[in-house]
Amino acid sequence: MNMGQKRLMFFLAIFAVLLSFSSGRGVLKLKSDDGRHVYNHTLTLTLVEYASAVYVSDLTELFNWTCERCNGLTKGFEVIEIIFDVEHCLQAYVGVAKDLNAIIIAFRGTQEHSIQNWVSDLFWKQLDLNYPDMPDAMVHHGFYSAYHNTTLRPAVLGAVERAKKSYGPNINIIVTGHSMGGAMAAFCGLDLVVNEGEENVQVMTFGQPRVRNAAFASYYSLLVPNTFRITHEHDMVPHLPPFYNIFPQKTYHHFPTEVWVRDLGYSNLVLASVEKVCDNTGEDPTCSRSVVGNSISDHLKYFGIDLRCVTWRQCTIVMSPEMDRYSRKDSKGNLVVSRTLPSTNVNETKTLLENGTV
């Protein structure tokens, strides 16, 4: 068989795999026999764009949803609130995706200029904080505090409350984030369920590190079962902090459900990605744990979408003067940019959503 025939056979094999993994309009929907939530490929492609957009530092473009990353599957999104915590270099936004009938909450990950140091630090993070009201559940205080003890939590919860008043109490909530932003997204999703009494909460993270022990993972999977952790090829961050088989209850432990993405292509050309929905342990040895986590480049791009800042700035933002009327700062310089929403009764909101007029 010559080189041309080998390439043809390779491409035919890829096509056959794609057919076996796809259904309908390219939507991959898999459900296990134990009744776990369905994984939706198209929703994942949408949410990775939301997770990418939160890295935009031009808050005028982000607020008006006119940034280069604010297109594609997220077109028409309405931002309600942007939160920039300058003290801890954190950023998040809350908005409404009318096509999904959902509030979207997105958290930014670590800026790429410090990713090398941050990854190195992950090796040594200890489980040093008992999670409130969950016996034996432990987390690292840094992961916990990034969401719970900063400007992010009160601003996010306030924006969710305002969105529900405007769009109705039954609107869904989807929380997403990449890297450290994925860790914050998980804490936010749990917070919404446990402390805010929300029921329709879904969490999807990309390249998220381990942030808690096995006891916490068990609680989490019961309370926020509609959760998917997307991992990519040899992305090193989901492998950290390390998991040790000999101390399963004393070590960091992922919660389910992992979806491991592998690229299909030839040389440096990626033709398609195939997702494997992993088991319900959170630490499926046949998924990302089956390979060495040694790639930062796999961490910074999922499904061909960049998950990092376009340009490096020393934890600063860009904002036009016209945004002053939407923004407020606290004494520490932390910034919240808010949009005023109309108050609408539940029945009217339902009608408007069905008609696609809001």
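Here are four short exercises, with worked solutions, on the predicted model shown above.

**Exercise 1. Find the strands at the edges of the open sheet of 10 strands.**

Step 1: Write down the strand order. Going across the sheet, you get S12-S11-S10-S9-S8-S5-S4-S3-S16-S15, and the pairing is mixed.

Step 2: Look at the two ends of that list. Strand S12 (269–277) and strand S15 (327–329) each have a single partner strand, so one side of each is left without a neighbour in the sheet. Those are your edge strands, S12 and S15.

Step 3: Add the twist. From one strand to the next, it averages 15 degrees.

Step 4: See what lies across the sheet. Helix H2 (residues 41–53) lies across strands S4, S5, S8, S9, S10 and S12, and runs at about 70 degrees to S9.

**Exercise 2. Describe the surroundings of strand S10: which strands does S10 pair with, and are its residues buried or exposed?**

Step 1: Start with S9. S9 and S10 pair in the parallel sense over four bridges, and Thr205 stands opposite Arg229 in S10.

Step 2: Trace the connection. S9, helix H8 (residues 214–223) and S10 together make a β-α-β unit, and this unit is right-handed.

Step 3: Now take S11. Strand S10 (residues 227–232) also pairs with strand S11 (residues 258–266), in the parallel sense and over four bridges. Here Thr231 stands opposite Trp260, while His232 stands opposite Val261.

Step 4: Check how covered S10 is. Buried means under 20% relative accessible area, and six of the six residues in S10 are buried. Sort them by face and you find Thr227, Arg229 and Thr231 on one side, with Phe228, Ile230 and His232 on the other. So both faces of S10 are covered.

**Exercise 3. Explore the largest nonpolar core, and work out which residues Phe216 is in contact with.**

Step 1: Recall the general idea. In soluble globular proteins, nonpolar side chains tend to be buried together.

Step 2: Pick out the well-connected members. The core has 54 residues, and the ones touching the most other members are Ile103, Ile105, Phe107, Tyr131, Val175, Phe187 and Phe216.

Step 3: Ask where the members come from. Helix H7 (residues 180–194) gives the largest share of this core, with 10 residues.

Step 4: Zoom in on Phe216. Skip its neighbours within four places in sequence, and its contacts are Tyr131, Met134, Ala137, Met138, Val139, Phe187 and Leu190.

Step 5: Don't miss the other core. Apart from the largest one lies another, of 40 residues, including Tyr55, Leu62, Phe63 and Cys70.

**Exercise 4. Hunt for the disulfides: how many are there in the whole structure, and which cysteines form them?**

Step 1: Count them. A search of the whole structure turns up two disulfides.

Step 2: Take Cys67 and Cys70. Their sulfur atoms are 1.8 Å apart in the disulfide they form. The link is right-handed, with 80 degrees about the S-S bond. Cys67 is buried, at a relative accessible area of 2%, and Cys70 counts as buried at 2% too.

Step 3: Move on to Cys278 and Cys287. They form a disulfide with sulfur atoms 2.0 Å apart, and both cysteines are buried. The torsion about their S-S bond is about -115 degrees, so this disulfide is left-handed.

Step 4: Test Cys309. The nearest cysteine sulfur, that of Cys89, is 8.0 Å away. The cut-off for a disulfide is 2.5 Å, so Cys309 is in no disulfide. Cys309 is buried all the same, with a relative accessible area of 7%.

Definitions and conventions. Residues numbered from 1 in each chain as written. Heavy atoms only, no water. Pairing = 2+ DSSP bridges. Helix = DSSP H or I, 4+ residues; strand = E, 2+ residues; numbered from the N terminus. Axes fitted to C-alpha atoms, helices over the stretch in contact; angles between N-to-C directions. Contact = heavy atoms within 4.5 Å. Core = buried A, V, L, I, M, F, W, Y, C linked by side-chain atoms within 4.5 Å. Buried < 20%, exposed > 50% of the residue type's maximum accessible area, 1.4 Å probe, protein only. Right-handed = clockwise from strand over helix to strand, strands pointing away.
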